[in-house]
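Colleague: I am new to this structure and would be grateful for a close look at a single part of it. Please take me through that part step by step, and explain each term as it arises.

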Amino acid sequence: MSREDEEMLVTLTLDNDEEVTCAVITIFDVEEKEYIALLPLDENGENEDGEVFLYRFIEQDADEPLLENIEEDDEYEKVADAFDEWLDTMEHEELSGEE
């Protein structure tokens, strides 16, 4: 299951206090937990290297969800695999003209 978000932007503060604006790609479920995929953008609003950030997503309230780092390698692998499957599905739908 995944929820589609319109072009929504969030600002992350990284461990080094650097702020990064990211586009929300999707929010998706893995083993009954929600995760979010974010596309970091440069000052021109673009992503040159294709890097994607994956976080555990906890919806405390509508205005301020909580993002948690994924600490365990096994959990990260499952989340990354689920995101890759989501990407494959989106590419297939785009190529076949499905909505």
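Modeller: Strands (E, at least two residues) and helices (H or I, at least four) are DSSP runs numbered from the N terminus, and two strands pair if DSSP finds at least two bridges between them. The model is predicted, so local features need pLDDT of at least 70 and side-chain atom pairs count only at pLDDT 80 or more, whereas totals for chains, interfaces and linings use all residues. Residues are numbered from 1 along each chain as its sequence is written, and side-chain values use heavy atoms, with hydrogens and water left out.

The part chosen here is strand 3 with its partners. Strand 3 covers residues 19-30 and runs antiparallel to strand 2, residues 9-13, to which 5 bridges join it. Across this pairing, Leu9 faces Ala23, and Thr13 stands opposite Glu19. The hairpin of strand 2 and strand 3 has 5 residues between the strands. In that loop lies Asp17, whose phi is positive, near 70°, although the residue is not glycine. Asp17 is also exposed, with a relative accessible area of 63%; exposed means over 50% relative accessible area, buried under 20% and partly exposed in between, with a 1.4 Å probe and protein chains only.

On its other side in the pairing scheme, strand 3 is joined by 9 bridges to strand 4 (residues 33-41), again in an antiparallel arrangement. Strand 3 and strand 4 form a hairpin with 2 residues between them, and Glu31 in this turn has a positive phi of about 50°. Glu32 lies in the loop between strand 3 and strand 4 as well. A positive phi of about 65° is found at Glu32, which is not a glycine, and this residue is exposed, with a relative accessible area of 83%.

The pairing of strand 3 with strand 4 also places Phe28 opposite Tyr35. Both of these residues are buried. Rings of Phe, Tyr and Trp (its six-membered ring) pair if their centres lie within 6.5 Å; planes under 30 degrees apart count as stacked, over 60 as edge-to-face and the rest as tilted. A search of the whole structure finds 4 aromatic pairs. One of them is Phe28 with Tyr35, a tilted pair with 6.2 Å from centre to centre and 35° between the planes. Phe28 and Tyr35 belong to one aromatic cluster with Phe83 and Trp86.

The cluster leads to helix 1 (residues 73-96), which has 24 residues and reaches 34 Å from its first C-alpha to its last, close to the 34 Å expected at 1.5 Å a residue. That expected span is 1.5 Å times one less than the number of residues. Phe83 and Trp86 are among the buried residues of helix 1, together with Glu75, Val79 and Ala80. An α-helix has 3.6 residues a turn, so residues three or four places apart point the same way. After helix 1 comes Gly97, with a positive phi near 80°.
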